[in-house]
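Grab a pencil and work through a few exercises on the structure below. Try each task yourself before you read its solution.

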Amino acid sequence: MSPVLLSDLATEIIIPVCAVIGILFSLLQWLLVSKVKLTPQTNGSPSNNNKNGYNDSLIEEEEGVNEHNVVAKCAEIQTAISEGATSFLFTEYQYVGVFMVVFAILIFLFLGSVEGFSTKSKRCTYDITRMCKPALATALFSTASFVLGAITSVLSGFLGMKIATYANARTTLEARKGVGKAFIIAFRSGAVMGFLLAANGLLVLYITINLFKLYYGDDWEGLFEAITGYGLGGSSMALFGRVGGGIYTKAADVGADLVGKVERNIPEDDPRNPAVIADNVGDNVGDIAGMGSDLFGSYAESSCAALVVASISSFGINHEFTAMLYPLLVSSVGIIVCLITTLFATDFFEIKAVKDIEPALKNQLIISTVLMTVGIAIVSWIALPSSFTIFNFGEQKVVHNWQLFLCVCVGLWAGLIIGFVTEYYTSNAYSPVQDVADSCRTGAATNVIFGLALGYKSVIIPIFAIAIGIFVSFSFAAMYGIAVAALGMLSTIATGLAIDAYGPISDNAGGIAEMAGMSHRIRERTDALDAAGNTTAAIGKGFAIGSAALVSLALFGAFVSRAGIQVVDVLTPKVFIGLIVGAMLPYWFSAMTMKSVGSAALKMVEEVRRQFNTIPGLMEGTAKPDYATCVKISTDASIKEMIPPGALVMLTPLIVGIFFGVETLSGVLAGSLVSGVQVAISASNTGGAWDNAKKYIEAGASEHARTLGPKGSEPHKAAVIGDTIGDPLKDTSGPSLNILIKLMAVESLVFAPFFAAHGGLLFKL
């Protein structure tokens, strides 16, 4: 075993310093965003500095619109959206808080009972010659890390939502000066969220490990087993955030679109539409708060999976602190790499025209991936011994540091491939979406058929990318290889989240422009930002699903080792019944979430129709709609409807583990992973394609698009119906499924000691 170049002290300094740099950078971005004021400027004439080909004179001045009114209106709408989002999240977190307390008690009771709440030291699970801390300690510390993970996850979502609602009106106001200015505000705001989340996740995990170390000392096996609770806490909160937020946003969106666009022929985000505020609130609670918690959960789990396997490999056995924290060092370098990458979008290059937006966002992915490859090479060289052993189902496998470098890179580049394939299938710049748009000529039915076919087809390449990633990383470094491959995919999480959050912020900015009655030229600019944001949101979902597949496989491996299963044999009936039931779960879960959106949307449509029919002067614009009732419908529906799907995911591993035992549970985990990934990718891409097909017709940018338009034409109405069907697919069911597969795996791992000791009651009768 050769010594490591990086000293333990240097590791202890580098990780928290990188995290703090990430937090400071996000605060700097926030400061720059806050320079755009939501109060009317009192100075005489604006400065006409011709910076990079566009001057800063406002569109309003050319068109003689009163600027004071516009700014005041934007500020008022922003306040309404922010208040709606905050009150919804507070309501949601009250329910989720109750769940958190109950589940924390369950973790303590189940894990404590493994050794009958004994406080005596026990023999270690993997090395019976040594003594480890009592099971009661694992129960206590697992519960503590679960609560920490849950709180960090909730905070990630909440802060993201606050930043997004702070930036939306500012993006609208900057759009008056040019599309480049608006892009920078939206992107900076996304970066605030990305860096805060990545840095917070890393810092809290690092501090937790060091605090737990004070008690555990040399018992690293017990220490990192207790740390897995952090991933469970992060993902369980993400599940409720994703499902609840997804139901909220889509109920409002479907209601607003069906009555507003199809029946009443008024534009999207028209202030006369009663559901319009609820729709804009939904973008923030679903796409921002939900996505933030989701990616934080993935990040926490992939780190936990890697640490658990490392703790029973040579790193943990020989107490090599630097090599042990290799996953955290990769994430630390990721923050620095993403920081440099962000500067390319905001400072090094200027966006001058609409056509520059999408390339700028795609370049973010490419630049971060290329720089990260170099970063991983450096970390692997200085933080790992040249050769070491990795735990591989009962035996130690010799691995070299260059092999581990390749494992992380495989994950990183597989993420990029999945991102670009997703973009090809969901961006209206390419033929798949244009074909879907073209199919609207003959009505909504053909549009639906083409869209479904596109979604199924879009699964092929991502699955091959994931399969190759799994094969390469497992061949090199067993389950640890898969865990660090997942970490590689998530190493550029700060950039991924910045791109992802940019979309809903631009969407909101367009809504505010429409509601404030601003010039159609401003709406064109925000629409251009939004269309690019739609594609990048699909890329973000692709990343989340791909990383979830790798994470849950790594967790599955850790679970199988911890539960003491020698081999998972598909031919034994115990395992096969689990496999087939597990493969069914994503369908059951999707059915619940789709139906929830449908029933909530039904109430919303009825309410919007009622207001149009009973409020005199609403269509003429002389009376104001009752926005609050629509917000309440969305809130009530999502809180009520998020509980059954959440319970399905959280209770399945417990019921299967207790009554059917660890072998059946291993089958359930494998089945849900295999079918969940396919369903999630196809649902996300189908919805994204339908949405962009509608936008393609609305924008009318090409000759082909103009033959299908304009807004209100029959093909456009068919496209709106497709988009409406796709909404719950791409924003509720699809993205929630990746949490289902990760969460069941991490939950099984946390409860593995209990299931191994007391599980399988039915087979013991």
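Each exercise below has a task and then a step-by-step solution.

Before you start, know that this is a predicted model, where local features need pLDDT of at least 70, side-chain atom pairs count only at pLDDT 80 or more, and totals for chains, interfaces and linings use all residues. Residues are numbered from 1 along each chain as its sequence is written, and side-chain values use heavy atoms, with hydrogens and water left out.

**Exercise 1. The cysteines**

Task: Find which cysteines form a disulfide, and work out its handedness.

Solution:
- Start with the rule: a disulfide is a pair of cysteine sulfur atoms within 2.5 Å. In general, such a link is a covalent bond between the sulfur atoms of two cysteines.
- Apply the rule and you get a count of 1 disulfide. The partners are C124 and C132, with sulfur atoms 1.9 Å apart.
- Now the handedness: the torsion about the S-S bond of C124 and C132 is about 95°, so this disulfide is right-handed.
- What about C18? C18 is in no disulfide, and the nearest cysteine sulfur, belonging to C338, is 12 Å away.
- For burial, use these cut-offs: buried is under 20% relative accessible area, exposed is over 50%, and partly exposed is in between (1.4 Å probe, protein chains only).
- C124 is buried because its relative accessibility is 2%, and C132 is buried at 4%. C18 is buried too, at 10%, as is C630, at 0%.

**Exercise 2. Two helices that cross**

Task: Describe how α5 and α6 pass each other, and say which residues make the contact.

Solution:
- Elements first: helices (H or I, at least four residues) and strands (E, at least two) are DSSP runs, numbered from the N terminus.
- α5 covers residues 179–216 and α6 covers 220–263; their axes come within 10 Å and cross at roughly 145°. Those axes are lines fitted to C-alpha atoms over the stretch in contact, and angles run from 0 to 180 degrees between N-to-C directions.
- The crossing is right-handed. A crossing gets that label if the near helix is turned clockwise from the far one by less than a right angle, and left-handed if anticlockwise.
- With contact meaning heavy atoms within 4.5 Å, the α5 side includes G201, L205 and F212, while the α6 side includes W220, L223 and I227.

**Exercise 3. The nonpolar core**

Task: Which residues touch the most other members of the largest nonpolar core?

Solution:
- A nonpolar core is a set of buried Ala, Val, Leu, Ile, Met, Phe, Trp, Tyr and Cys residues joined through side-chain atoms within 4.5 Å.
- The largest one has 233 residues, and F183, Y326, I357, Y480 and F559 touch the most other members. Helix α5 gives the most to this core, 22 residues.
- Zoom in on F559: leaving aside neighbours within four places in sequence, its contacts include I565, V662, L665 and A752.
- There's also a second, separate core of 18 residues, with L454, A683, A693 and L729 among its members.

**Exercise 4. Positive phi**

Task: Is F117 buried, exposed or partly exposed? Do the same for A478.

Solution:
- F117 isn't a glycine, yet has a positive phi of about 55°. You'll find F117 in the loop between α3 (67–112) and β1 (122–123), and at 37% relative accessible area F117 is partly exposed.
- A478, also not a glycine, has a positive phi near 50°. A478 sits in helix α15 (residues 460–489) and is buried, at 0% relative accessibility.
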